[in-house]
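Please open the structure in your viewer and keep the selection tool at hand. The tour proceeds by selections, each followed by a description of what is found there.

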Amino acid sequence: MRFCADETLYRTDAKAETIAQWKLVSKGSAFILSVAKQPEYSARVLWGPGSGMSGEQGIPLGKDSAEIKLVNAIPLANTTEYTYRLMLH
């Protein structure tokens, strides 16, 4: 599984993209997304082989889905850290 945080920019420059990659092999594996405090960010999951899922899934930051649950959100000075847990299998 690969998580990508996309920043929506309202100008003609190319969109900035930050990619973080985790190899989560068991149900209950947790990971943290740390993003700048701006409402323009979103997250998307690119499912890899063996996950039982395919394609891409969007998740609003601070929300969860059936496959990925939000555990905690910690606001820091300039960022927010979101802890998510994998719920597959």
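**Strand 6 and its partner**

Select I74 together with E81: E81, in strand 7, is the bridge partner of I74. The model is predicted, so local features need pLDDT of at least 70 and side-chain atom pairs count only at pLDDT 80 or more, whereas totals for chains, interfaces and linings use all residues. Residues are numbered from 1 along each chain as its sequence is written, and side-chain values use heavy atoms, with hydrogens and water left out.

Extend the selection to residues 68-75, which form strand 6, the strand that holds I74. Strands here are DSSP runs of E with at least two residues, numbered from the N terminus. Now add residues 79-86, strand 7; seven bridges join strand 6 to strand 7, and the two run antiparallel. Two strands are taken to pair if DSSP finds at least two bridges between them.

Next, add strand 3 to view the open sheet, whose three strands follow the order 3-7-6 with antiparallel pairing. Strand 3 (30-36) and strand 6 stand at the edges with a single partner strand each, so one side of each has no neighbour in the sheet. From one strand to the next, the twist averages 25°, an angle between N-to-C directions of axes fitted as lines to C-alpha atoms, on a scale from 0 to 180 degrees.

**The surroundings of I74**

Return to I74 and display its contacts (heavy atoms within 4.5 Å). Beyond its neighbours within four places in sequence, I74 is in contact with T79, T80 and E81. A distance label from I74 to S34 should read 9.3 Å between C-alpha atoms, for residues 40 apart along the chain. I74 is partly exposed, with a relative accessible area of 35%; buried means under 20%, exposed over 50% and partly exposed in between (1.4 Å probe, protein chains only).

**The loop before strand 6**

Move to S65, in the loop between strand 5 (56-59) and strand 6. Is S65 buried or exposed? At 14% relative accessibility, S65 counts as buried. Outside the four-place sequence window, S65 is in contact with Q57 and I59.

Finally, select E67, which lies in the loop between strand 5 and strand 6. The side chains of E67 and S65 are joined by a polar contact of 3.3 Å, that is, a pair of N or O atoms within 3.5 Å, one able to donate a hydrogen and the other to accept it; residues adjacent in sequence count only if both atoms are side-chain atoms. Among the residues that E67 touches, more than four places away in sequence, are W47, M53 and R85.

Methods:
Helix = DSSP H or I, 4+ residues; strand = E, 2+ residues; numbered from the N terminus.
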